[in-house]
Amino acid sequence: MKTELKRCPPAAQGVPAEYIINFLNACEKADSEIHGIMIARNGQVIFEAYNAPYAADIPHIMHSFTKTLTNTAVALAWSDGLLKLEDPLLKYFPEYEANANEYLRACTIRDMITMRNGQQRGIGGNEWRPLKTSWKDAYFQVSFDKEPGKTYMYSSGNSYILSYIVQKLEKKTCRELVQERIGKKIGLTDFPWMLSPEGVCSGGNGVSLTAEDMLRIGLLYLNKGRWDGEQLISEEWVDYALGYRDPLPPVDGLQYNFHWDHREDIWAARGMFGQTCGLIPSLNMAFAITAADKDYTAMRLFQQEVVDRMKADGEPQTKTMTAGADPFEDILLQKGLRMTLKGKNVSVKHHFEPKQRDLVFRPEDNPDKITCVELHFTEDGELIYVMEDERGRHEVRAGLDRWVDGTTTMTGAYLHHQYEQPISRISAIAYWSGENTLMMEWRFPEMAFFDHVSVTWAEEELQVDRWVNMNSQDLSRPTLHLKI
């Protein structure tokens, strides 16, 4: 049975609520978009909040935070005596030995896990997700041209190969191994993990977790691998992972260890677009953030607005207050309850009114191979936007001047870092932003991404544009021209 995390007001653990309020306000001013946040101190949750439509029970794509789970799976295989950090990579892939150069022959497990493998370039998840052939072969096709262990170069390819090795040794996927020996004991949800065409967990990415799942993993590492008195991960491994043992030289002020990096007081395991689990060992504190924050601004602001101010207070652990004694406690509570990203967009007073409620268009040839676009204005004040492409027929239901929650199969990989879920949760609104322009906002609560779609009535055509808040590739799609 899952053990619930204990909760208490922040002041009960020596954290003034004002510091958390200042942190949240600073994030808003910096356009660091938080989707979900949990903060814990001394093992107790002191703050939790979600910006609607994001919610506590909706798993969020983790991007490279996934590597923390891969490295944990390697830790289990290491503790089982199945591998050593000094093992040559080719010990597990002898089929590539004949054509290997001196750099590949010298590469070890440690070099892989610390992102110092000596390859010519890094490999991103967006490169491999569309790949239907062997990811293992694709990895070894990238040449090794540097001495391993010397040069830091981030690559999700390394994590995939580590996942492959663990599966060979443990005879089960990393997801099965981690969930069986750690996840069930610390209370993780039964999380999904994307598989490669070879049936191996993708390693560097592909996991979806809730903010609480992230926090539980963080607390496990903060407690040196112990949970409820049981040593689930070797303390020695945790010391390697956090850089206490055999620390590596910093790169641009950041010390990267076993996917836990270290800057100032915060050790963090991070995923693209702001997914962050941070540990502050000196304060016995951990936090987890799901977000759309491409520069990880929230982590810097947490150091500035919470950690630095607590350090300036001296011995904050002894400065606890009784319930209700902190004048900012209720302000923080109300702020957390009212957080929302569902903007109150309202149509302009004078705008175009389509004569027909049901519009169907056949676009000319286009890069996205869209063959049909439909607009349906319903009697109950909704807009149904339909698009057909190679994947099939997809629709988004948006409320006119109000939000509607639902699901969709709408194609989005080209704007969403090559993630394409069969069915996605969606919250959508439509409103007239100008006399002839109908705007839609599509929020996907399981992702960092949200899209805008504008439909503009010109003299003889409709123009449809679609763009995204952030992406590793293009931020917008070519305009669709729909003849009236």
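**Notebook: aromatic pairs and the open sheet**

I began with two rings and noted that Tyr 139 and Phe 144 are both buried. The model I am reading is predicted.

**Entry 1: aromatic pairs**

I looked up the number of aromatic pairs and found 25 in the structure. I then picked out Phe 93 and Tyr 164, whose rings form a tilted pair, at 5.6 Å centre to centre with 55° between the planes. I asked which parts of the chain this pair ties together. Phe 93 belongs to the loop between helix 2 (66–79) and helix 3 (102–106), while Tyr 164 belongs to helix 7 (residues 156–170), so the pair connects parts that are 71 residues apart in sequence.

I next checked whether each partner is buried or exposed. Phe 93 has a relative accessible area of 0% and is buried. Tyr 164 is also buried, with a relative accessible area of 17%, because the cut-off for buried is under 20%.

I returned to Tyr 139 and Phe 144 for their ring geometry. Their planes stand at 75° and their centres lie 6.2 Å apart, so I entered this pair as edge-to-face. The cut-off for that class is over 60 degrees.

I then followed the ring pairs outward. They link Phe 93, Tyr 96, Trp 128, Trp 135, Tyr 139, Phe 140, Phe 144, Tyr 160 and Tyr 164 into a cluster.

**Entry 2: charges over rings**

I asked which charged end sits over the ring of Phe 93. It is that of Lys 168, 5.1 Å from the ring centre. I recorded another such arrangement at Phe 450, where the charged end of Arg 443 sits over the ring, 3.8 Å from its centre.

**Entry 3: the sheet**

I traced an open sheet of 7 strands, with antiparallel pairing and the order 2-1-11-10-9-8-7. At its edges I found strand 2 (44–50) and strand 7 (255–256), each of which pairs on one side only.

Within the sheet I examined strand 10 (residues 275–280) and strand 11 (residues 285–292). These two run antiparallel and are joined by 5 bridges. I noted that Ile 280 stands opposite Met 285 in strand 11.

**Entry 4: helices across the strands**

I asked which strands helix 9 (residues 211–222) lies across. They are strand 1 (33–41), strand 2, strand 10 and strand 11, and the helix runs at about 145° to strand 11.

I made the corresponding entry for helix 11 (residues 297–312). This helix lies across strand 1, strand 8 (261–263), strand 9 (266–271), strand 10 and strand 11, and its angle to strand 11 is about 150°.

Terms used:
Residues are numbered from 1 along each chain as its sequence is written. This is a predicted model: local features need pLDDT of at least 70, side-chain atom pairs count only at pLDDT 80 or more; totals for chains, interfaces and linings use all residues. Side-chain values use heavy atoms; hydrogens and water are left out. Rings of Phe, Tyr and Trp (its six-membered ring) pair if their centres lie within 6.5 Å; planes under 30 degrees apart count as stacked, over 60 as edge-to-face and the rest as tilted. Helices (H or I, at least four residues) and strands (E, at least two) are DSSP runs, numbered from the N terminus. Buried means under 20% relative accessible area, exposed over 50%, partly exposed in between (1.4 Å probe, protein chains only). A charge sits over a ring if NZ of Lys or CZ of Arg is within 6 Å of the ring centre and within 35 degrees of the ring normal. Two strands pair if DSSP finds at least two bridges between them. Contact means heavy atoms within 4.5 Å. Axes are lines fitted to C-alpha atoms, for helices over the stretch in contact, and angles run from 0 to 180 degrees between N-to-C directions.
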